[in-house]
Amino acid sequence: QVQLVESGGGLVQAGGSLRLSCAASGFPFSNYGMGWFRQAPGKERDFAARISSSGLNTYYADSVKGRFTISRDNAKNTVYLQMNSLKPEDTAVYYCGRRNSYNADYGYWGQGTQVTVSS
């Protein structure tokens, strides 16, 4: 079955960096676009970044553009989110998702990893 397992979250000071990983299994990873979303306390889950199946195309929310970089290693079935210049407002649970092959929605999610940025 499809499994997505995030890791790499933690506590970091403002201005610091973290690298999140999402290990995928149970499906042909290189055939699917992947995305990172985040959910702050009391808020809805918001889009952060996504990457095409080949890794050639990436898209970012305005709030993270220029600070976050999404990448993937199809040989390792893993998608990454490099987060630099972190701000307290980046504090959230970060989820990776697998994009559906037939529409723009995300059909599978990981359990999430907590990122806390202190001021």
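**Exercise 1. Describe the open sheet: strand order, pairing and edges.**

Solution. Four strands make an open sheet in the order β1-β3-β8-β7, with antiparallel pairing. Strands here are DSSP runs of E with at least two residues, numbered from the N terminus. Two strands pair if DSSP finds at least two bridges between them. The edges are β1 (3–7) and β7 (68–73), each pairing on one side only. On average, neighbouring strands of this sheet are turned by 15° against each other, direction ignored. Axes for such angles are lines fitted to C-alpha atoms, and angles run from 0 to 180 degrees between N-to-C directions.

The model is predicted: local features need pLDDT of at least 70, side-chain atom pairs count only at pLDDT 80 or more, and totals for chains, interfaces and linings use all residues. Residues are numbered from 1 along each chain as its sequence is written, and side-chain values use heavy atoms, with hydrogens and water left out.

**Exercise 2. Walk across the sheet and give the bridges for each strand pair.**

Solution.
- Start at the β1 edge. Five bridges join β1 to β3 (residues 18–25) in the antiparallel sense. Q3 has S25 in β3 as its bridge partner. E6 stands opposite C22 in β3.
- Move on to β8. β3 and β8 are antiparallel, with six bridges. S21 stands opposite Y80 in β8.
- Finish at β7. Six bridges join β7 to β8, again antiparallel. R72 has V79 in β8 as its bridge partner.
- Now the connection. β7 and β8 form a hairpin with four residues between them. In the turn, N77 has a positive phi of about 55°.

**Exercise 3. Why is β8 largely enclosed, and which residues of β1 are on its covered face?**

Solution. Take β8 (residues 78–83). Five of its six residues are buried, so the rest of the structure largely encloses this strand. Buried means under 20% relative accessible area, exposed over 50%, and partly exposed in between (1.4 Å probe, protein chains only). Then take β1. L4 and E6 are on its covered face; Q3, V5 and S7 are on the uncovered one.

**Exercise 4. Follow the aromatic contacts of F27.**

Solution. The structure holds six aromatic pairs. Rings of Phe, Tyr and Trp (its six-membered ring) pair if their centres lie within 6.5 Å; planes under 30 degrees apart count as stacked, over 60 as edge-to-face and the rest as tilted.
- F27 and F29 are tilted: 6.2 Å centre to centre, 50° between the planes.
- F27 and Y32 are edge-to-face: 5.4 Å centre to centre, 90° between the planes.
- F27 counts as buried because its relative accessibility is 11%. Y32 counts as buried because its value is 15%.
- R98 adds a charge: its charged end sits over the ring of F27, 4.9 Å from the centre. The criterion is NZ of Lys or CZ of Arg within 6 Å of the ring centre and within 35 degrees of the ring normal.
- R19 does likewise over Y80, 3.9 Å from the ring centre.

**Exercise 5. Which strands supply at least two residues each to the lining of the largest pocket?**

Solution. They are β4 (34–39) and β5 (45–51). Lining residues include R38, Q39, D46 and F47. F47 also belongs to an aromatic cluster with F37, Y106 and W109.

Methods:
1 Å grid on protein atoms, 1.4 Å probe; cavity = no way out; pocket = protein on both sides within 12 Å on 5 of 7 lines; lining within 4 Å.
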